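Open the model in your viewer and keep the selection tool ready. Each stop below says what to pick and what is there.

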Amino acid sequence: MILNNLHILYHTRCITSISFPIESWQRVLKKNKQSKLNFKLIEMEERNLYFMQLAMKEAKKAFEKDEVPIGCVIVHKGKVVAKAHNLVEKRKNATEHAELICIEKASKKLNDFRLNECFLYTTLEPCLMCTGAILLSRIKKIIYAAKDIRHGALVSVFHVFENKHPIHTPQFEQGPLEKESADLLKTFFKMKRAQHGKKN
Ligand SMILES: [Zn+2]
């Protein structure tokens, strides 16, 4: 019952707003007297949705700048320590991916290259380059929205973390907003193809 409610509320929120009224959920939880396990599960779902919404905001910023719309946030002890979006076109550099920029910002902010306690939220499954940086920076967990069938290095094209690394293996999972992220990317590439068609 409570999970059904969460599902409905989650989809309603995705469509209507990017805001995050956590109080309403706390009221529902108290009312339903859920077990600690369910409470933790719902808390986790709520957190993932909240931070992925922030990553989507970054992706939309990229879209507005005519960049491939991918956004990323890094969270340390429940707080956002870095936000970034793709800047490949602006900086004319193929390595300026949201995740890499975000890792650099988080390392500066925390004054440490080791990001062991950090969670990375990204709107698209990371590529091979970014999963390499995620491994080296020892990110604890990756939560991605849409899969990337062209470059995804977690589950789509490569399976970088399938074998355990002797020092550190980041955890990963697909989180919320898959459709929203995929739709934004589809719209972007459709627009690009239309612009390209007009030029020819
Ligand atoms: Zn990448």
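Select Glu-89 to begin; this residue of the predicted model sits in helix H4. Is Glu-89 buried, exposed or partly exposed? Count the C-beta neighbours inside 10 Å: there are 13, so Glu-89 counts as partly exposed. The limits behind that call are 20 or more for buried and 12 or fewer for exposed. Now add Asp-66 to the selection. Asp-66 and Glu-89 are 23 residues apart in sequence, yet their C-alpha atoms are 7.9 Å apart in space. Setting aside neighbours within four places in sequence, Glu-89 is in contact with Asp-66 and Glu-67.

**Just past H4**

Move along to Lys-92. This residue is in the loop between helix H4 (88–91) and H5. Check its backbone: phi of Lys-92 is near 50°, a positive value in a residue other than glycine. Lys-92 has 8 C-beta neighbours inside 10 Å, so it counts as exposed.

**Zoom out**

Show the whole protein chain and colour by secondary structure. How many helices and strands are there? The chain has seven helices and five strands. Their order along the sequence is α-α-α-β-β-α-α-β-α-β-β-α. Next, colour by burial: of the 200 residues, 33% count as buried. A contact map adds another view. Among contacts with a separation of 6 or more, 57% join residues 24 or more positions apart.

**The largest nonpolar core**

Which residues of the largest nonpolar core touch the most other members? Select Val-73, Cys-102, Leu-120 and Tyr-121; they do, in a core of 42 residues. Then light up the elements that give two or more residues to this core:

- the helices H3 (36–64), H5 (98–110) and H6 (128–136);
- the strands S1 (71–76), S2 (79–85), S3 (118–124) and S4 (141–146).

Helix H3 gives the most to this core, with seven residues.

**Cys-102**

Centre on Cys-102, in helix H5. This residue has 28 other C-beta atoms within 10 Å, so it is buried. Show its contacts, again leaving out neighbours within four places in sequence. Cys-102 is in contact with Cys-72, Val-73, Ile-74, Ala-82, Lys-83 and Ala-84. Now draw a distance from Cys-102 to Leu-120. The two are 18 residues apart along the chain, and their C-alpha atoms are separated by 8.8 Å.

**Leu-120**

Follow that line to its other end. Beyond its neighbours within four places in sequence, Leu-120 is in contact with Cys-72, Ile-74, Glu-99, Ile-134, Ile-139 and Ile-142. Keep Cys-72 and Ile-74 selected for a moment: Leu-120 has both among its contacts, and Cys-102 has both as well.

**Thr-122**

Step along to Thr-122, in strand S3. Is this residue buried or exposed? With 30 other C-beta atoms within 10 Å, Thr-122 is buried. Set aside the neighbours within four places in sequence and list the rest. Thr-122 is in contact with Ala-55, Ile-70, Cys-72, Ala-98, Glu-99, Ile-142 and Tyr-144. Add Phe-51 for a long-range pair. Phe-51 and Thr-122 are 71 residues apart in sequence, with C-alpha atoms 9.2 Å apart in space.

**H5 against H6**

Hide everything but helices H5 and H6, and fit their axes. The axes are 9 Å apart, and the helices pack at an angle of about 20°. An angle under 35 degrees counts as roughly parallel, so H5 is roughly parallel to H6. The crossing of H5 past H6 is left-handed. Which residues meet here? From H5 select Glu-99, Leu-100 and Ile-103; from H6 select Cys-130, Ala-133 and Ile-134. Colour them by class: the contact has five nonpolar residues, no polar ones and one charged.

**Last stop: Leu-177**

Finish at Leu-177, in the loop between strand S5 (171–174) and helix H7 (178–199). Check phi once more. Leu-177 has a positive value of about 70° although it is not a glycine. Is Leu-177 buried or exposed? Leu-177 has 23 other C-beta atoms within 10 Å, so it is buried. Put it beside Lys-92 in the viewer: both have a positive phi, but Lys-92 counts as exposed and Leu-177 as buried.

How values were computed: Residues are numbered from 1 along each chain as its sequence is written. This is a predicted model: local features need pLDDT of at least 70, side-chain atom pairs count only at pLDDT 80 or more; totals for chains, interfaces and linings use all residues. A nonpolar core is a set of buried Ala, Val, Leu, Ile, Met, Phe, Trp, Tyr and Cys residues joined through C-beta atoms within 7 Å. Helices (H or I, at least four residues) and strands (E, at least two) are DSSP runs, numbered from the N terminus. Two residues are in contact if their C-beta atoms, placed from the backbone, lie within 7 Å. Axes are lines fitted to C-alpha atoms, for helices over the stretch in contact, and angles run from 0 to 180 degrees between N-to-C directions. Angles under 35 degrees count as roughly parallel, over 145 as roughly antiparallel, 65 to 115 as roughly perpendicular and the rest as oblique. A crossing is left-handed if the near helix is turned anticlockwise from the far one by less than a right angle, and right-handed if clockwise. Ala, Val, Leu, Ile, Met, Phe, Trp, Tyr, Cys and Pro count as nonpolar, Asp, Glu, Lys and Arg as charged, and the others, Gly among them, as polar.
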